[in-house]
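Please work through the following exercises with the sequence and the structure open beside you. Each task is followed by a solution that proceeds step by step.

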Amino acid sequence: MVKHIVLFKLKDEAPADEKLAAMTNFKNAIEALPAKISVIRKVEVGLNINPGETWNVALYSEFDTLEDVKFYATHPDHVAAGKLLADVKESRACVDYED
């Protein structure tokens with residue numbers, strides 16, 4: 001099994017209501033993907049409630065293989081979901097590991 005963890009930091013200067021809307025729309029879009037992309041075994045998105053931390057959004061997902069992660073990453077519905085954060089995203093970090 002491959003675990004895919006992604007963290008997003010949003011721009012500090014982006015308005016709070018814009019960031020919240022983008023994060024909420026992203027969460028809803030990503031969590032709807034298992035119905036559209038069969039290789040996803042599990043997915044969840046968490047919105048950080050601790051303002052003292054650097055990262056704003058955490059995505060956790062599970063796949064059978066790294067090839068499945070690559071398929072998911074390029075799937076049009078996943079690409080569209082990613083664009084929901086594009087205007088407010090400052091940076092992204094990712095780790096894929098086998099368990």
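Before starting, note that a residue belongs to the lining of a pocket when it has an atom within 4 Å of one of the pocket's grid points. Note also that the model is predicted.

**Exercise 1. The second largest pocket**

Task: State which residues line the second largest pocket, and describe how the lining divides by class.

Solution. Begin with the volume, which for the second largest pocket is about 200 Å³. Next, list the lining, which consists of Lys19, Leu20, Met23, Leu47, Asn48, Ile49, Asn50, Pro51, Glu53, Trp55 and Asn56. Then sort these residues by class, which gives six nonpolar, three polar and two charged residues. Finally, look at where they come from: α1 provides the largest share, with three residues.

**Exercise 2. The largest pocket**

Task: Find which element gives the most residues to the lining of the largest pocket, and say which residues lie nearest its centre.

Solution. The largest pocket has a volume of about 290 Å³, and 19 residues line the largest pocket. Those nearest its centre are Val6, Phe8, His78, Gly82 and Arg92. Turning to the elements, two or more lining residues come from each of β1, α1, α2, α3 (76–83) and β4. Of these, α3 gives the most, namely five residues. When the lining is sorted by class, there are 12 nonpolar, three polar and four charged residues.

**Exercise 3. Salt bridges**

Task: Say how many salt bridges a search of the whole structure finds, and then examine three pairs, asking of each residue whether it is buried, partly exposed or exposed.

Solution. The search of the whole structure finds four salt bridges. For the steps below, recall that a residue is buried under 20% relative accessible area, exposed over 50%, and partly exposed in between.

1. Take Asp12 and Lys9, whose side chains form a salt bridge with an N to O distance of 3.1 Å. Asp12 has 59% relative accessibility, and it is therefore exposed, whereas Lys9, at 13%, is buried.

2. Take Glu31 and Lys27, which form a salt bridge in which the closest N and O atoms are 3.0 Å apart. Because they stand four residues apart in helix α1 (residues 16–31), about one helical turn separates Glu31 and Lys27. Glu31 is partly exposed at 33% relative accessibility, and Lys27 is partly exposed at 24%.

3. Take Arg41 and Asp64, where the closest N and O atoms of the salt bridge are 2.9 Å apart. Arg41 lies in the loop between α1 and β2 (42–47), while Asp64 lies in the loop between β3 (57–63) and α2 (66–74), so this pair ties together parts that are 23 residues apart in sequence. Arg41, with a relative accessible area of 47%, is partly exposed, and Asp64 is partly exposed at 41%.

**Exercise 4. Aromatic pairs**

Task: State how many aromatic pairs the structure holds, and decide whether the rings of Phe8 and Phe26 are stacked, tilted or edge-to-face.

Solution. A pair of aromatic rings is described by the distance of the centres and the angle of the planes. The structure holds two aromatic pairs. In one of them, the rings of Phe8 and Phe26 have centres 5.2 Å apart and planes at 75°, so this pair is edge-to-face, the cut-off for that class being over 60 degrees. The pair links distant parts of the chain, since Phe8 is in strand β1 (residues 2–10) and Phe26 is in helix α1, 18 residues apart. Phe8 is buried at 8% relative accessibility, and Phe26 is buried at 2%. For Phe63 and Tyr72, the ring centres are 4.9 Å apart and the planes stand at 45°, so the pair is tilted. Phe63 and Tyr72 are both buried.

**Exercise 5. The surroundings of Ser91**

Task: Locate Ser91 among the elements, and find which residues Ser91 contacts when its neighbours within four places in sequence are left aside.

Solution. Ser91 is found in strand β4 (residues 89–98), and with a relative accessible area of 24% Ser91 is partly exposed. With those neighbours in sequence left aside, Ser91 is in contact with Leu7, Phe8, Lys9 and Trp55. As a last step, compare sequence with space: Ser91 and Lys11 are 80 residues apart in sequence, and their C-alpha atoms are 8.3 Å apart.

Key:
Residues are numbered from 1 along each chain as its sequence is written. This is a predicted model: local features need pLDDT of at least 70, side-chain atom pairs count only at pLDDT 80 or more; totals for chains, interfaces and linings use all residues. Side-chain values use heavy atoms; hydrogens and water are left out. Buried means under 20% relative accessible area, exposed over 50%, partly exposed in between (1.4 Å probe, protein chains only). Rings of Phe, Tyr and Trp (its six-membered ring) pair if their centres lie within 6.5 Å; planes under 30 degrees apart count as stacked, over 60 as edge-to-face and the rest as tilted. Contact means heavy atoms within 4.5 Å. On a 1 Å grid over the protein atoms alone, a cavity is a set of points where a 1.4 Å probe fits but cannot get out, and a pocket is an open set with protein on both sides within 12 Å along at least five of seven lines; lining residues have an atom within 4 Å of a point. Grid points are joined across faces, edges and corners, and a volume is the space filled by probe spheres set on the points. Ala, Val, Leu, Ile, Met, Phe, Trp, Tyr, Cys and Pro count as nonpolar, Asp, Glu, Lys and Arg as charged, and the others, Gly among them, as polar.
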